Amino acid sequence: MQNQQQQNLQETSQMPPQQHYGGHDMFDAHEAMSTLVGALEQGVLYEQHIQDPELKTMCQKHRTFCTQLYNTIVDTLKSGQDPAVPTQSYKMDQNNDVIYGMQPSQPKTPVQSVTELNDQSISGFMLGSLKSTASAFTMTSLEMTNPVMRRIMADSVPNMVEMAYEVFLYQNKNQYYQVPQLQQEHMQAFQNSYAPAQGKMPH
């Protein structure tokens with residue numbers, strides 16, 4: 001009985017690279033890829049409705065970057081090995097200036113037709129897609145048995161973060177995403193609610 005159980009166990013060295021995946025990996029990779037494909041396909045849909053050239057350029061830049069990432073993942077998913085094109089680093093065009101405070105604005109209501117879609121709506125959709133993709137890639141990378149795929153997923157999370165943050169900054173400067181602040185004494189109370197840990201750190 002024990003010999004039979006041992007025969008069912010296989011180490012990585014005994015398998016071809018394209019089989020270096022567990023069942024859990026396949027489900028998680030499929031989930032992450034579906035989320036990325038959804039973001040890409042939504043980008044195709046949004047682009048025709050974008051009014052601001054800056055947002056349109058950003059959408060196109062994100063789609064180009066994510067299409068290459070998609071091809072990189074497909075390459076490794078099929079081969080189990082290093083892809084022909086490794087993961088890249090996304091560089092955003094926005095600066096890091098955030099506008100704080102709230103300005104009066106009209107209450108938001110859901111649109112009733114495609115013609116009502118505007119850059120505020122579309123940039124919100126873009127941000128939501130990127131947040132979903134960042135979460136899916138993070139969850140997939142935590143328990144992936146294939147080390148190459150794990151690295152691709154993990155290395156791609158900062159790129160999703162960067163793209164999402166770029167959309168946030170765009171929304172913020174256009175007052176689509178306003179950032180309220182606490183009163184100064186309340187902010188300081190939060191800032192002072194933690195103190196450095198005492199004692200020696202373990203070696």
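This report walks through how some helices of this predicted model pack together and what lies in its nonpolar core.

**Two partners for helix 2**

A good place to start is helix 2, which spans residues 23–47 and packs against helix 4, residues 119–141. Helix 2 also packs against helix 3, which covers residues 53–79. Two packed helices are described by the angle between their axes and the distance between the axes. Here are those values for the two pairs.

| Helix pair | Angle between axes | Distance between axes |
|---|---|---|
| Helix 2 and helix 4 | about 165° | 9 Å |
| Helix 2 and helix 3 | about 155° | 10 Å |

An angle over 145 degrees counts as roughly antiparallel, so helix 2 is roughly antiparallel to helix 4. The angle with the other partner likewise makes helix 2 roughly antiparallel to helix 3. As for handedness, the crossing of helix 2 and helix 4 is left-handed, and the crossing of helix 2 and helix 3 is left-handed too.

**Who touches whom**

Where helix 2 meets helix 4, the helix 2 side includes Asp28, Ala32, Leu36, Ala39 and Tyr46, while the helix 4 side includes Ile122, Phe125, Met126, Ser129 and Phe137. By class, the residues of this contact are 11 nonpolar, 6 polar and 1 charged.

Turning to helix 3, the contact draws on helix 2 residues including Met26, Met33, Leu36, Val37 and Glu47, and on helix 3 residues including Lys56, Arg63, Cys66, Leu69 and Ile73. This contact of helix 2 with helix 3 holds 14 nonpolar, 3 polar and 3 charged residues.

One polar residue is worth a visit. Is Ser129 buried or exposed? Ser129 sits in helix 4 and has 12% relative accessibility, so Ser129 counts as buried. Beyond residues up to four places away in sequence, Ser129 touches Ala39, Gln42 and Tyr46.

**The nonpolar core**

The largest nonpolar core has 38 residues, and the members that touch the most others are Leu36, Leu69, Ile73, Met126, Phe137, Met160 and Met163. Which helices each supply at least two residues of this core? They are helix 2, helix 3, helix 4 and helix 5, the last of these running over residues 147–173. Helix 5 gives the most, with 12 residues.

Met160 offers a close-up of this core. Setting aside neighbours within four places in sequence, Met160 is in contact with Leu36, Cys66, Leu69, Leu130, Thr133, Ala134 and Phe137. Leu36 turns up again here, having already appeared in the contacts of helix 2 with helix 4 and with helix 3.

Methods: Residues are numbered from 1 along each chain as its sequence is written. This is a predicted model: local features need pLDDT of at least 70, side-chain atom pairs count only at pLDDT 80 or more; totals for chains, interfaces and linings use all residues. Side-chain values use heavy atoms; hydrogens and water are left out. Axes are lines fitted to C-alpha atoms, for helices over the stretch in contact, and angles run from 0 to 180 degrees between N-to-C directions. Helices (H or I, at least four residues) and strands (E, at least two) are DSSP runs, numbered from the N terminus. Angles under 35 degrees count as roughly parallel, over 145 as roughly antiparallel, 65 to 115 as roughly perpendicular and the rest as oblique. A crossing is left-handed if the near helix is turned anticlockwise from the far one by less than a right angle, and right-handed if clockwise. Contact means heavy atoms within 4.5 Å. Ala, Val, Leu, Ile, Met, Phe, Trp, Tyr, Cys and Pro count as nonpolar, Asp, Glu, Lys and Arg as charged, and the others, Gly among them, as polar. A nonpolar core is a set of buried Ala, Val, Leu, Ile, Met, Phe, Trp, Tyr and Cys residues joined through side-chain atoms within 4.5 Å. Buried means under 20% relative accessible area, exposed over 50%, partly exposed in between (1.4 Å probe, protein chains only).
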